[in-house]
Amino acid sequence: MGDHSHGSPNTSGTVATAGQDDEEKFRNPGLPPHRPRLADTNPQAEKRAEKQVAALFVISIIGTLVFFIGYFGIKLEGGHTIADIRVQNLLLGLGTAFAMLGIGVGIVHWAKTLMPDHEITEERHEIRPEEDRVIAEKMLGDIIEETGIKRRPLIRNTLLGAMVLAPLPAIAVFRDLGPLPGDVLRHTMWADGVHLTRDPSGTRIKASDVTLGSAFHVIPEGLNESEHKLEEKAKAVVLLMRLDPESLNPSPGREDWNVDGIVAYSKICTHVGCPVALYEQHTHHLLCPCHQSTFDLTQECKVIFGPAVHPLPQLPIAVDEDGYLIATSDFHEPVGPSYWERG
C-alpha cells in the first residue's frame with residue numbers, strides 16, 4: 001500500500017506555509033505614495049489656480065448683482081407685459097444660480113488645487129479633559145493654516161465679498177412672503193355697497209336670479225375698469241351659491257351675512273391659491289381641483305378634506321332697494337394661501 005502520510009494536518013511544513021500566506025495576505029500596505037500636483041511644484045500654476053478660485057468667487061458676486069438688477073430694476077407696476085415678467089424671472093433665476101454655483105465650485109476648486117492633499121493618520125489616544133481646549137485650538141489653527149487663507153488675500157477678499165452678498169437674495173425673497181410693505185393682501189375691492197357682478201361680463205346679479213343649486217362666478221363691480229385688473233381679481237373673485245336656509249349653520253355674528261340662503265365665499269383656495277371651481281350641489285361641497293381640498297358650505301366652508309388649513313373667507317352680502325346683491329363689507333380675513341403674518 002502507498003504512503004498516505006503526506007498532506008496530513010500534522011505535517012509541519014504545511015502549517016508553516018499557511019501561516020506565512022496569512023501573514024502575507026493581511027500585511028498592512030501603508031499609505032500610497034503622495035503624488036504632487038502641478039500647483040505644488042510650479043509657482044505659476046499655483047498663481048493661476050489662485051486666480052481661478054478668485055474668479056469663481058467674483059462670478060458669485062456678479063450673480064448676486066444680477067439678481068438685484070432683476071428684482072429692483074424691472075418694475076412690474078402699471079403697464080408691464082408678459083415679456084417683462086419673463087425677463088425678470090430669467091434674471092432672478094440666473095442670478096441666484098450663479099451666486100450659489102460660484103461659491104460652491106470655487107471652494108471645491110480651491111480644495112482640489114491649493115489646499116494640502118496629504119493623507120494623514122493619527123493614533124487614537126486617551127482624551128484628557130484639561131487638554132481638550134488646547135487640542136481644539138491647535139486643530140483650528142492647522143485647518144486655517146492648511147487653507148492658506150492668510151497668505152492668499154485675493155481668495156480671502158473675494159470669498160468674503162461673495163459670502164456677504166450671497167444671502168441677500170434670500171432675504172429679499174423671504175420679505176415677499178408676507179404683506180410687506182403695507183397690508184395689500186388683507187384688503188380687496190369689496191366694500192359696503194359694491195354690487196356683485198358676473199365674471200367676466202360685469203353685469204349685476206339680482207337675488208331672484210340665484211336659484212337653489214346654482215353657482216355664479218362673481219367679481220366686484222368696477223373690476224374690469226381697474227388699472228390693476230388681474231391683481232385685484234386674484235384677490236376679489238367670489239363664488240355665489242344658494243342653499244336651503246335651514247341647511248346653513250351660521251356662527252354668532254354671521255346670521256345676516258347671507259340673503260335667504262344665498263352665500264358668497266372667496267374662490268381662492270387657502271392652500272396654495274388655486275381657484276375653487278367645483279361645486280357639488282347634493283353634498284354642498286366646494287372642491288379645489290389642484291390638491292383636492294374640500295370645503296363644506298353648510299359649515300361656513302370649513303375644511304373637511306385635503307391639505308388646506310383655513311376655511312374659505314366669507315363675503316357678507318345683502319340686497320339693495322332694486323333687488324341687486326351687494327357686499328356689506330370687505331372680507332373679514334385675508335384671502336388666499338396662508339402666510340407667516342396672516343394673523
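**Reading a sheet and two buried residues**

Mentor: Strands β6 (residues 285-287) and β7 (residues 294-296) pair in the antiparallel sense, over three bridges. Keep in mind that this is a predicted model.

Trainee: What do strands of a sheet pair through?

Mentor: Backbone hydrogen bonds, in either a parallel or an antiparallel arrangement. Here, H285 stands opposite D296 in β7.

Trainee: Which strands form the open sheet, and in what order?

Mentor: Four strands, ordered β5-β6-β7-β8, with antiparallel pairing. The edges are β5 (278-280) and β8 (302-305), and each of these pairs on one side only. On average, neighbouring strands of this sheet are turned by 30° against each other, direction ignored.

Trainee: Now burial. Is A236 buried or exposed?

Mentor: Buried means under 20% relative accessible area. A236 has 0% relative accessibility, so A236 counts as buried. Its place is helix α8 (residues 229-236).

Trainee: Which residues does A236 touch, not counting those up to four places away in sequence?

Mentor: T188, M189, W190, V218 and P220. Look at L315 too: it is 79 residues from A236 along the chain, yet their C-alpha atoms are separated by 9.7 Å.

Trainee: And S329, where does it lie?

Mentor: In the segment after β10 (325-327). S329 counts as buried because its relative accessibility is 17%, under the 20% cut-off.

Trainee: What joins the side chains of S329 and H332?

Mentor: A polar contact of 3.1 Å. Leaving aside neighbours within four places in sequence, S329 is also in contact with W190, A191, D192, L315 and P316. W190 is on the contact list of A236 and on that of S329.

Terms used: Residues are numbered from 1 along each chain as its sequence is written. This is a predicted model: local features need pLDDT of at least 70, side-chain atom pairs count only at pLDDT 80 or more; totals for chains, interfaces and linings use all residues. Side-chain values use heavy atoms; hydrogens and water are left out. Buried means under 20% relative accessible area, exposed over 50%, partly exposed in between (1.4 Å probe, protein chains only). Contact means heavy atoms within 4.5 Å. Two strands pair if DSSP finds at least two bridges between them. Axes are lines fitted to C-alpha atoms, for helices over the stretch in contact, and angles run from 0 to 180 degrees between N-to-C directions. A polar contact is a pair of N or O atoms within 3.5 Å; within protein, one must be able to donate a hydrogen and the other to accept it, and residues adjacent in sequence count only if both atoms are side-chain atoms.
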